[in-house]
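Please work through the exercises below with the sequence and the coordinates open side by side. Each one sets a task and then solves it step by step.

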Amino acid sequence: MTLQSSVEELNGVGPQLAKKLQILGISTVFDLIDYIPRRYDDYSDIQMISQIKPGLVTLRVVIKQAKGRYVRRGLHITEAVASDATSSIKLVWFNQPYRATGLKSNEEYFISGEFGFSGRQLNITNPSVESVSGFPVNTARILPIYRETKGLNSKQIRKAVHSALPFIRGLDETLPSNLVSSQKLYSRSKAYESLHFPENSEDLALARKRLGFEEVFRLSLASLLVKKEQERSDAHAIIFSEVLAQSFVKHLPFDLTNGQRRAVWSVYQDIQKKHPMNRLLEGDVGSGKTVVAAMSAVMALEKGFQVALLAPTALLARQHADTLSTLLEPLGMSERVQLLVGSMNAKQKANLKKAIREQSGTLLIGTHAILEADVTPKNMALIIVDEQHRFGVEQRKKLMKKAKLVPHVLSMTATPIPRSLALTLYGEMDVTLLTEKPGNRKPIKTTLVPPTDRKKIYESIKEQLSVGRQAFVVCPLVRDSDLLPAKSAEETYETLRKGPIKQQIVGLLHGKMKPAEKDAVMQKFLNKELDILVSTTVIEVGVDVPNASVMLVESPERFGLAQLHQLRGRVGRSEHQGHCYLMLSDSHQPSRRLRAVESSQDGFKLAELDLEIRGPGAIYGTLQHGDLDLRIAKLSDVQLINSARKAAQEFIDSRQNLLDYHELHQHITQLQKVTQLN
Ligand code: ADP
Ligand code: MG
């Protein structure tokens, strides 16, 4: 038997259990070993019966009078009395008829279960029982809780993992041995054993540290190697023209911020090289990433190269096309902007595709439509991906393939992840942060509003509308749901149309509408034909309506902090003071999370707080990095991440041969398939 053998070959795992494990994605012995617990329950403290309190308890007892009976059809009860030196307590099992016969009198057992009231009686229901003389798997320790499935609970999974223990103990080391010793890491086999059967919480922490370290080390190594390879491949060198850059800046209606200047400068330096740029521009909503994109594009267009700008929605693509035409106008380049979105008709598309094939110096802006196979730009030298976390690697790869030489890539994102984490997740890219907001921007006034003040808030909105501004109303749901007590866009739209805010024109926008309908509504809002736009989070990404100055968010507790921050970034995008009202669902004291949104305008800080309160899923969930998921390492564990990343860099610098580390090499090849863009 090997690690690749079927779990079915393990002692105590029959075909039925194997089938259920399969549902959880576990087929081989190694899959089982590598099945990471979701969390743990601490049953390690052995208590005296006379001292116990309701909750999770472990006792060391002798069991007497175990008796089973059918109370009625389908309901079997086993009862027993357990005693230690201090007292006795009743144990009850439901529908486990084998219990009574399995227990020997006058032998000592560990009992782990939940102690509480059943009717008026204190007892322990469905406890785990194990002889004190064996290796406790389901009692008297910190017990792993796994993701379960119907008919398969953590107890059974623990037993299965326990039968794989000889394999766990025989696991080979996968990290370079000098790393294991210099970083004071557990060996791989010790780590997996302690992950499933921790001796205590320190032991568990060290197990997680080792496995998390390896995860980040691999990820970093993979991306650093991709980066090295990128640095070796060929790209079009786009020579910097100072005259052009100056003339662009001269015609801007505003001064660039220092951050924008620095970002553009890095891009210009990168694209002058004969090797492809791969840069991530990370800047909060409203930090002005579009101008950076435009200035980057201009340099390539001027030299006759084609540039593609990929946007996640048609709305955004259209908006970018408008903005960029305007920005390129003074340079006489606005004709070069070509928009390609899915909703265009066949003839328009065919004409456009022909133009893209034949022309040079075009700026092609579009959605997924530009990924289609018959879109073949000539001489594409630069790709700009807006809101890059919205695109999968596959999609980005498709775009890369359209170029003859490896194109330069500028990715942009408003997802505020701290720099060190960005470097780990996107290690193959250079990261530029835009930290300051353009100058005339006033911080958005954010207010938590109790439900009793709804009328007052409507009055404030009315005031804003009466001086010509527009308002967003954002709801977590499209339609009313019996399951979720949250506001829906449709219902809110109907309510507002009946006119609590007099003489306003209301529009509705949500993800269930057809793309063309969505575009039409958004266009109306942009043209100021609508005063209020009721919507779901479809407006979250990138939409720029400078005249909108108020946002009302319904049921804000349904949103993540980073998400609320992105949402409110839709207002206050001009010289008008932006207001964001978070309409609480009840009059309870608002949560710490919501109060943080009220008091902080710092996207990075809010992201960190989300990380702390809700865990990495809160931010990480939005990144869609798919196969690159960290299963053990926490994004919040900056120290671990930094040391693993540093170790990866040192590994490369020391010119060790990756092929000497078979398993590591395999993993990295796998990861590179996911990250590598060419
Ligand atoms: P985001 O980073 O969210 O994509 P945008 O590029 O859409 O931000 O910019 C937000 C708004 O700020 C736009 O209306 C843009 O014209 C304006 N803007 C960008 N840079 C500056 C600047 N340096 N000074 C003043 N306004 C700016
Ligand atoms: Mg943007």
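The exercises that follow concern a predicted model, and they deal with its nonpolar cores, two helix pairs and one aspartate.

**Exercise 1.** Identify which residues of the largest nonpolar core touch the most other members, and which helix gives the most to this core.

*Solution.* Begin with the core as a set: it holds 65 residues, and within it Phe248, Leu363 and Ile384 touch the most other members. Next, ask about secondary structure, where helix α11, residues 289-302, gives the most to this core, with 10 residues. Then take phenylalanine 248 and set aside its neighbours within four places in sequence; the contacts that remain are Val291, Ala294, Met295, Val298, Leu327, Leu328 and Leu331. Finally, look beyond this group, since another core of 36 residues lies apart from it, including Leu17, Val29, Leu32 and Ile142. As background, nonpolar side chains in soluble globular proteins tend to be buried together.

**Exercise 2.** Decide whether α10 and α11 are roughly parallel or oblique to each other, and describe their contact.

*Solution.* Start from the geometry: the axes of α10 (residues 258-271) and α11 come within 10 Å and cross at roughly 30°. Because angles under 35 degrees count as roughly parallel, α10 and α11 are roughly parallel to each other. The crossing of α10 past α11 is right-handed. From α10, the residues Gln260, Ala263, Val264, Val267, Tyr268 and Ile271 meet Val291, Val292, Met295, Ser296 and Met299 of α11. Sorted by class, this contact has nine nonpolar and two polar residues, and no charged residues.

**Exercise 3.** Carry out the analysis for α12 and α18, stating how their axes are arranged and which classes of residue make up the contact.

*Solution.* Helix α12 (residues 314-328) packs on helix α18 (residues 515-526) at an angle of about 45°, and their axes are 9 Å apart. That angle makes α12 oblique to α18. The crossing of these two helices, α12 and α18, is right-handed. On the α12 side, Ala314, Leu315 and Arg318 meet Lys518, Asp519, Met522 and Gln523 in α18. The residues of the contact of α12 with α18 comprise three nonpolar, one polar and three charged.

**Exercise 4.** Determine whether aspartate 322 is buried, partly exposed or exposed.

*Solution.* First locate the residue, which lies in helix α12. Its relative accessibility is 44%, and therefore aspartate 322 counts as partly exposed, given that buried means under 20% and exposed over 50%. As a last step, compare chain and space: aspartate 322 and phenylalanine 305 are 17 residues apart along the chain, and their C-alpha atoms are separated by 21 Å.

Terms used: Residues numbered from 1 in each chain as written. Chains lettered and ligands numbered in written order. Predicted model: local features only at pLDDT ≥ 70, side-chain atom pairs only at ≥ 80, totals over all residues. Heavy atoms only, no water. Core = buried A, V, L, I, M, F, W, Y, C linked by side-chain atoms within 4.5 Å. Buried < 20%, exposed > 50% of the residue type's maximum accessible area, 1.4 Å probe, protein only. Helix = DSSP H or I, 4+ residues; strand = E, 2+ residues; numbered from the N terminus. Contact = heavy atoms within 4.5 Å. Axes fitted to C-alpha atoms, helices over the stretch in contact; angles between N-to-C directions. Parallel < 35°, antiparallel > 145°, perpendicular 65-115°, else oblique. Left-handed = near helix turned anticlockwise from the far one by under 90°. Nonpolar A, V, L, I, M, F, W, Y, C, P; charged D, E, K, R; others polar.
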